[in-house]
Amino acid sequence: MKPASAITARRAAIGNLVLLGSFALLCAALSLWQGSELRWRDPGAERWLGATLVTVAWLGLIFLLRIRREVSPRKPMAVPDMAAGQATAADDGEAAETPALPATGVTVRVVYASQTGFAEQLARQTLQSLQLAGTAVRMDGIDRLTLDDLRRGGRVLFVVSTTGDGEPPDMALAFSRQVMQQPAPLAGLRYGLLALGDSDYEDFCGFGHQLQRWLQASGAQALFDPVEVDNEDDASLRHWQHHLAMLGGAPDLPDWQAPKYQRWQLVERRLLNPGSVGEPCFHLALKLLEGRADWQAGDLVEIGPCHAADKVASWLATHGLDGRVMVSFGHKGRQPLAALLVRCRLPETDEVDGLDEDGVAAMLQWLPHRAYSIASLPEDGSLQLIVRRMRAAGGYPGLGSGWLTEHAPIGAEIALRIRGNANFHGPSDARPLILIGNGTGLAALRALLKQRIAAGRTCNWLLFGERHQAHDFLHREDIERWIDEGAIERADFAWSRDQAERIHVQQRLREAGDELRRWVDAGAAIYVCGSLDGLAPGVNAVLCDVLGAARVEQLRGQGRYRRDVY
């Protein structure tokens with residue numbers, strides 16, 4: 001089967017030949033008709049000027065149509081940081097280690113394929129973020145990338161645009177035609193892919209998809225699911241930055257651009273796992289204080305976290321500074337230094353030695369935000385989350401989870417914005433749905449179930465894992481009621497510590513292999529929410545073993561296998 005780029009190129013060539021032939025026939029007909037009038041006459045300066053302006057306008061239009069296929073340059077976007085709780089939950093709800101990039105001294109390569117410069121700009125910001133995380137990294141254009149570079153293995157992050165009708169940028173033409181024409185032995189390569197495109201075109205992110213298929217066929221392993229950017233979709237760019245923070249092991253990387261938060265109020269906080277051997281997990285409910293908000297099941301929120309007041313007071317005392325002093329910061333006007341520090345990264349001692357209050361304010365950076373899956377629907381009357389209180393180095397509560405589950409009092413104002421996550425929206429029809437998750441990954445699955453049940457769609461299969469059934473069965477009342485009412489047709493649970501042998505969700509899925517095949521044959525979609533290092537690869541391996549790798553890839557291409565993993 002010919003690659004998509006070759007087919008597209010052949011169609012374009014045929015179209016151009018037809019167009020040129022039509023022009024030639026028209027010229028011949030006009031020559032025969034007006035042959036006696038074919039002698040030179042000077043049209044005059046006014047007509048020369050008009051013809052020149054029309055030609056320039058036509059060339060400008062062609063140029064604009066050419067570059068429209070790539071997102072136009074604009075301001076850098078914000079980074080969604082590692083979601084405390086679900087973003088680090090292992091496949092039974094335990095905290096997992098953050099996946100790290102290669103050790104110091106090993107280079108991570110950032111490769112860009114750009115037509116107008118925007119992909120190169122994003123690649124440069126990617127490089128800078130990884131450098132801030134302490135990762136040795138280099139950046140190259142795809143026109144300098146060789147097959148030998150990729151055969152050496154390691155990790156490569158691709159940032160690629162699409163131009164024309166699904167074709168590679170000019171700088172990627174040689175790589176596409178000379179390297180990507182057949183699979184290569186790249187089993188040692190791990191890659192991430194950011195694909196820029198415009199969904200107004202039929203072949204959305206065409207070159208990105210071609211590159212992904214070639215890498216998969218060559219045996220390369222994805223570090224995470226590809227991130228697609230549709231025109232001005234800043235949410236997708238923040239999702240890419242989230243992956244960078246995770247891969248670099250530095251969740252506190254500064255945002256590329258501060259999110260525009262709305263004002264919400266924390267109205268409920270309820271412990272979901274009393275007596276658990278793990279960290280406490282909370283159900284949170286928030287209400288909007290002004291304006292309006294809407295979301296769909298599968299969407300996320302970004303929270304602007306705050307330090308605890310006593311932590312800021314201790315920092316001020318340690319550095320001999322007065323938090324009551326009024327200081328200026330950006331466009332926020334003057335405010336007490338202590339109030340500003342609550343929302344900013346607290347500098348290290350060597351960064352502020354010798355500085356007064358104004359000097360400290362001049363060097364502050366906003367705290368990076370945290371992302372969480374939404375566990376409710378707008379019809380529920382509140383925006384609900386499931387958040388596990390994580391512990392940072394030294395035993396201190398995590399930045400985002402500590403703020404939401406411990407430091408913020410009920411009634412506190414929370415800076416929050418909703419982030420669309422179209423890749424994890426539920427099916428638009430009544431097809432069967434298999435929902436697989438663990439720990440606080442239940443949040444997105446709960447919202448999807450609520451949406452399905454409200455629409456009368458009850459062909460749902462839930463697979464969920466945690467530690468102990470007696471203590472860690474999150475939102476047990478809802479799930480058992482839905483099972484009793486027939487709104488969940490099948491449910492399988494993996495309580496990892498209720499027996500001597502650790503049992504995880506992927507094992508339950510493997511045990512139900514025959515049922516899995518039956519559901520998929522009946523048109524089921526599969527949605528997975530949980531740990532990138534634990535749940536996601538385990539479930540993917542089972543799916544490939546039971547259904548076959550080709551079938552799994554087909555499901556992914558049809559949008560019937562979707563993952564929201566961290």
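R388 is buried in this predicted model, with a relative accessible area of 3%, and its place is in strand β14, which spans residues 383-388. The side chain of R388 is not without a polar partner, since a polar contact of 2.6 Å joins it to the side chain of E466. E466 itself falls in β17 (460-466), an element that also helps to cover the buried residues of helix α15.

**Helix α15 and its surroundings**

Helix α15 runs over residues 476-485, and its buried residues include D478, I479 and W482. Why do these residues lie on the same side of α15? They cover an arc of only 95° around the axis, which places them on the same side of the helix. The pattern fits the geometry of an α-helix, which has 3.6 residues a turn, so residues three or four places apart point the same way. On the face of α15 turned away from the buried side, the exposed residues E477 and D484 are found.

Among the elements that cover the buried residues of α15 are α13 (442-454) and β18 (490-495), together with β17. For α13, the packing can be described further: the axes of α13 and α15 come within 12 Å and cross at roughly 35°, and the crossing is left-handed. On the α13 side the residues that meet α15 are L442, R446, L449, K450 and I453, while on the α15 side they are D478, I479 and W482. The buried residues D478, I479 and W482 of α15 are thus also named in the meeting with α13.

**Backbone with positive phi**

Both ends of α15 are flanked by a residue with positive phi: G486, just after the helix, takes a value of about 85°, and H475, in the loop between α14 (469-472) and α15, has one of about 50° although it is not a glycine. Most residues other than glycine have a negative phi, and most peptide bonds are trans. C205 is a further non-glycine residue with a positive phi, near 55°, and it sits in the loop between β5 (189-197) and α6 (206-217). The two non-glycine cases are set side by side below.

| Residue | Phi | Relative accessible area |
|---|---|---|
| C205 | near 55° | 0%, buried |
| H475 | about 50° | 5%, buried |

**Nonpolar cores and the whole chain**

Which members of the largest nonpolar core touch the most other members? In this core of 48 residues, they are F158 and W214, and the largest share of the core, 6 residues, comes from helix α3 (residues 118-132). A second, separate core has 37 residues, including V301, L364, Y372 and V387. If its neighbours within four places in sequence are left aside, W214 is in contact with L147, L150, F175, V179, M180, Q182, P183, A184 and L186.

Taken over the whole protein, the secondary structure comes to 19 helices and 20 strands. Of the 566 residues, 50% are buried. Among the contacts with a separation of 6 or more, 78% are between residues 24 or more positions apart.

Notes
Residues are numbered from 1 along each chain as its sequence is written. This is a predicted model: local features need pLDDT of at least 70, side-chain atom pairs count only at pLDDT 80 or more; totals for chains, interfaces and linings use all residues. Side-chain values use heavy atoms; hydrogens and water are left out. Buried means under 20% relative accessible area, exposed over 50%, partly exposed in between (1.4 Å probe, protein chains only). Helices (H or I, at least four residues) and strands (E, at least two) are DSSP runs, numbered from the N terminus. The arc is that of the directions from the helix axis to the C-beta atoms. Contact means heavy atoms within 4.5 Å. A nonpolar core is a set of buried Ala, Val, Leu, Ile, Met, Phe, Trp, Tyr and Cys residues joined through side-chain atoms within 4.5 Å. A polar contact is a pair of N or O atoms within 3.5 Å; within protein, one must be able to donate a hydrogen and the other to accept it, and residues adjacent in sequence count only if both atoms are side-chain atoms. Axes are lines fitted to C-alpha atoms, for helices over the stretch in contact, and angles run from 0 to 180 degrees between N-to-C directions. A crossing is left-handed if the near helix is turned anticlockwise from the far one by less than a right angle, and right-handed if clockwise.
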